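Let's take a friendly walk through a protein and its DNA. Have the sequence and the 3D view ready as you read.

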Number of protein chains: 2
Amino acid sequence: MAAALDLFEEHGYDNTTVTGIAERAGLAKSTFFRHYADKREVLFDDDTLAALLVEGIGAAPEGATALDALAHAFDRTGRAVFTNDRREFSARRIAVIAAAPELQERDALKERGLIAAMVDALERRGVPDLTARVAAELGALAFRVAYERWGDPAARDDFDQVLRRALVDVRDAGALC
Amino acid sequence: MAAALDLFEEHGYDNTTVTGIAERAGLAKSTFFRHYADKREVLFDDDTLAALLVEGIGAAPEGATALDALAHAFDRTGRAVFTNDRREFSARRIAVIAAAPELQERDALKERGLIAAMVDALERRGVPDLTARVAAELGALAFRVAYERWGDPAARDDFDQVLRRALVDVRDAGALC
DNA sequence: TGCCTCGATGGGACTTGGTCTCATCACCCT
DNA sequence: AGGGTGATGAGACCAAGTCCCATCGAGGCA
């Protein structure tokens, strides 16, 4: 993954071959595809996030609203996954993805997966379907906003704080619609 | 596009080759790629939707809130693009996309594009950034819900009615978060 | 020590998506 | 009749992704 990120930065996604990535990492092309389903996946292989979110939503206090359950899950998840030593990496990753449509595509799909997982977890709490979908969508938006803000080198707060703040901002903005 | 939809239904997306699609349509492979940027794009080549939405948002009455502007745009757009004779086609298209991850990926990216266009149009009306993002996200959700409901063969209403209804539902659900 | 198993890797053949170039063909204009 | 022009066909070519088989190294075991 590190080799891929380097090469994508240096030559662009399109001008980087899987053979090149593997070579740089000291592996064969076939070994690359044994670890990643395809070239895009090399920047998206994290499944732990969804699992943690689902668990956190399930563990939220009984009477919490949908967005409160999300806030609870975010608090438990944020700092665990996005440690401060990954901040610089996140910024580089965001920049590379923003420059390659194929990576944006994968990013959008992964986000859909996250949203679907959140909707599932909310519905298991008894939240009605459409409410769950709206809440998950807003949660995902807050997450994206937080990820961008946190990736800023000038930012100093931990991810969970940034995320909580973003969720409040999104909720407030939603009240103005 | 018709040839592709047929073959995707019959053999699945993965087991359909571009050569096969072109053959069925009486064309050469190179001609296919002259019309569509890639194999996925054959089901997503519609740019008019975004343009109509942007225009509709710009034309909404001055004092309207963000979601009201979206509702206005939806009213002008709905029936123009999604005529009743395309209802069956939409249902087939949805089913094919749901069965192929690569198509879902493209679908997710196109939706992001639509959202970005709506955010732009809203910001040009003076709507603050985060409010615009929330509104566009909710609008996209309403759009997706409406597209699904409208594709149901049992549905009888025109698309713009279904869409308006979906937007109200989403707004109500948002109030419960 | 020698043998065996097993998971991870390397290597290479093969299919398909996608790009590019060149030739051809139909049509239109004068 | 001739010459431009835009759409198409044909095929070479590259890279992504699949598949199969050979190899290697780390234990486990007699």
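## The surface near DNA strand C

The surface near DNA strand C is made up of five nonpolar, seven polar and five charged residues. Keep in mind that you are looking at a predicted model. In total, 17 residues surround this strand, and the closest are A:Ala28, A:Thr31, B:Lys29, B:Lys39 and B:Arg40. Of the atoms of DNA strand C that come within 4 Å of the protein, 50% belong to sugar and phosphate.

Which helix gives the most residues to this surface? Helix 3 of chain A does, with four residues. Helix 3 (29-35) of chain A and helix 3 (29-35) of chain B each supply at least two residues here.

## Phosphate contacts on strand C

Now zoom in on the phosphate oxygens of DNA strand C. From chain A, a polar side-chain atom of A:His35 lies 3.0 Å from one phosphate oxygen. From chain B, a side-chain N or O atom of B:Arg40 is 3.0 Å from a phosphate oxygen, while B:Val18 uses a polar backbone atom, at 3.2 Å.

## The surface near DNA strand D

Turn next to DNA strand D, which is surrounded by 16 residues; A:Lys29, A:Lys39, A:Arg40, B:Ala28 and B:Thr31 are the closest. By class, this surface has five nonpolar, six polar and five charged residues. Sugar or phosphate accounts for 53% of the strand D atoms within 4 Å of the protein, and bases for the rest.

Here the backbone of the protein comes into view. A polar backbone atom of A:Lys39 is 2.7 Å from a phosphate oxygen of DNA strand D, and a polar backbone atom of A:Thr16 is 3.5 Å from a phosphate oxygen of that strand. On chain B, a backbone N or O atom of B:Ala28 lies 2.9 Å from a phosphate oxygen of DNA strand D. Helix 3 of chain A and helix 3 of chain B are the elements that give two or more residues to this surface. The largest share, four residues, comes from helix 3 of chain B.

## Two crossing helices in chain B

Finally, how do helix 7 and helix 8 of chain B cross? The axes of helix 7 (residues 101-124) and helix 8 (residues 129-151) come within 8 Å and cross at roughly 135 degrees, so helix 7 of chain B is oblique to helix 8 of chain B. The crossing is right-handed.

Residues in the contact include B:Ile115, B:Met118 and B:Leu122 of helix 7, along with B:Ala132, B:Ala136 and B:Arg144 of helix 8. By class, the contact residues are eight nonpolar, no polar and six charged.

Methods:
Residues numbered from 1 in each chain as written. Chains lettered and ligands numbered in written order. Predicted model: local features only at pLDDT ≥ 70, side-chain atom pairs only at ≥ 80, totals over all residues. Heavy atoms only, no water. Axes fitted to C-alpha atoms, helices over the stretch in contact; angles between N-to-C directions. Parallel < 35°, antiparallel > 145°, perpendicular 65-115°, else oblique. Left-handed = near helix turned anticlockwise from the far one by under 90°. Contact = heavy atoms within 4.5 Å. Nonpolar A, V, L, I, M, F, W, Y, C, P; charged D, E, K, R; others polar. Near = heavy atom within 4 Å. Polar contact = N/O pair within 3.5 Å; in protein donor to acceptor, adjacent residues only side chain to side chain.
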